[in-house]
Amino acid sequence: IKTAPLLGINSALSSSFGHFCLANRLNIPQVLDDIVNDVIKPWPLLRLELVLNGTTLSEPVLNEVLVCHSAPAGTSRYFIEIDGVREEHRSSGLWVGTPSGSTGSLKSAGGAIMPITAQQYQYIVREAWTRPGQVYQLTSGILDRAQKMFLSSNMRTGALYIDGQHIDYSFSLGDDLIIGVSKYDLMAYVDPNVNDIFLED
């Protein structure tokens with residue numbers, strides 16, 4: 001979806017939080033009327049673009065991408081560069097996520113909860129390993145729309161996981177990845193304050 005607006009409908013109120021769902025079986029007539037009458041409008045939700053070895057991947061990232069070793073117990077080894085600062089990391093992996101994804105994996109890893117309509121994205125390193133006396137500068141941060149991250153794999157069997165485990169790409173030794181903001185925001189009918197409930201935890 002590049003330009004068409006999206007309306008999520010929660011069809012399982014008893015078991016689903018329905019994070020992106022403004023409508024459900026109880027209020028859908030009113031929501032549809034409000035859309036037709038321009039009472040509510042879609043919000044632009046930031047998505048990420050991944051360029052792997054010069055090729056833009058077809059899936060824009062709505063929540064997060066995980067850069068890591070393909071085996072859960074393996075050490076994730078990669079080079080990371082942001083704004084001219086370059087480091088060689090060893091860790092359990094690297095989360096890079098959008099405001100939409102800030103209440104899930106990034107929150108669990110210690111990231112910041114962002115308003116779902118924010119126009120920034122963030123990254124956080126999982127369980128960074130350093131040598132004695134070594135300090136990483138690039139373990140977490142919030143980037144604006146113009147900033148990009150540059151990664152190079154130092155793993156023989158690394159992987160990229162997009163929005164969960166179902167979409168994955170190999171990220172092997174010497175592969176290069178550029179992460180930036182997609183020019184295609186997801187236009188979605190959402191509650192702009194939906195992420196606030198997680199601030200109460």
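At 49% relative accessibility, F17 counts as partly exposed, because the exposed class begins only over 50%. This residue makes a good starting point for a walk through the structure, which is a predicted model. F17 belongs to the one aromatic pair that was counted. Its partner is F198, and the two rings sit edge-to-face, with centres 5.8 Å apart and planes at 75 degrees. Where do the two members of this pair lie along the chain? F17 is in the loop between β2 (9–10) and β3 (23–24), while F198 is in the segment after β17, so the contact ties together parts that are 181 residues apart in sequence.

Attention can now turn to the sheets. Strands of a sheet pair through backbone hydrogen bonds, and the pairing may be parallel or antiparallel. One open sheet here has 6 strands, arranged in the order β12-β11-β10-β7-β14-β15, with antiparallel pairing. Its edges are formed by β12 (140–144) and β15 (167–170); each has a single partner strand, so one side of each is left without a neighbour in the sheet. From one strand to the next, the twist averages 15 degrees. At the β12 end, β11 and β12 run antiparallel and are joined by 5 bridges. Within this pairing, Q120 stands opposite D144 in β12.

Strand β11 covers residues 120–126 and contains Y123. Is this tyrosine buried or exposed? Y123 counts as buried because its relative accessibility is 4%, and the limit for that class is under 20%. Leaving aside residues up to four places away in sequence, Y123 touches a list of residues that includes I82, L94, W95, V96 and M149. Also on that list are L138, T139, S140, G141 and L143. With S140 there is a further detail: the side chain of Y123 reaches the backbone oxygen of S140 at 3.2 Å. L22, by contrast, lies 101 residues from Y123 in sequence and 28 Å from it in space, C-alpha to C-alpha.

A second open sheet also deserves a look. It is formed by 6 strands in the order β6-β5-β16-β13-β8-β9, and the pairing is antiparallel. The edges are taken by β6 (55–56) and β9, each with a single partner strand, so one side of each has no neighbour in the sheet. Inside this order, β13 pairs with β8 and with β16. Strand β8 (residues 76–82) runs antiparallel to β13, and 4 bridges join them. Two of the facing residues can be named: Y78 stands opposite S153, and I80 stands opposite L151. Towards the other neighbour, β13 and β16 pair in the antiparallel sense over 4 bridges. Here L151 appears again, with L177 as its bridge partner in β16. How many residues of β13 are buried? The count is 4 of the 5, so this strand is largely enclosed by the rest of the structure.

The edge strand β9 (residues 85–91) holds H89. With a relative accessible area of 0%, H89 is buried. Its side chain makes a polar contact of 2.7 Å with the side chain of E87. Beyond residues up to four places away in sequence, H89 touches S76, R77, Y78 and I80, together with V125, Y136 and L138. L138 is also among the residues touched by Y123.

Charged side chains complete the picture. Side chains of opposite charge can pair when their charged atoms come close. How many salt bridges does a search of the whole structure find? The search gives 2. One of them joins D38 and K41, whose closest N and O atoms are 3.7 Å apart. K41 counts as exposed, since its relative accessibility is 51%. The other links R145 to D185, with 3.3 Å between the closest N and O atoms. R145 lies in the loop between β12 and β13 (149–153), and D185 in the loop between β16 (176–181) and β17 (186–189), so this salt bridge ties together parts that are 40 residues apart in sequence. Of its two members, R145 is partly exposed at 32% relative accessibility, whereas D185 is buried, with a relative accessible area of 16%.

Terms used. Residues numbered from 1 in each chain as written. Predicted model: local features only at pLDDT ≥ 70, side-chain atom pairs only at ≥ 80, totals over all residues. Heavy atoms only, no water. Buried < 20%, exposed > 50% of the residue type's maximum accessible area, 1.4 Å probe, protein only. Contact = heavy atoms within 4.5 Å. Polar contact = N/O pair within 3.5 Å; in protein donor to acceptor, adjacent residues only side chain to side chain. Pairing = 2+ DSSP bridges. Axes fitted to C-alpha atoms, helices over the stretch in contact; angles between N-to-C directions. Salt bridge = Lys/Arg side-chain N within 4 Å of Asp/Glu carboxyl O. Phe/Tyr/Trp six-rings, centres within 6.5 Å; stacked < 30°, edge-to-face > 60°.
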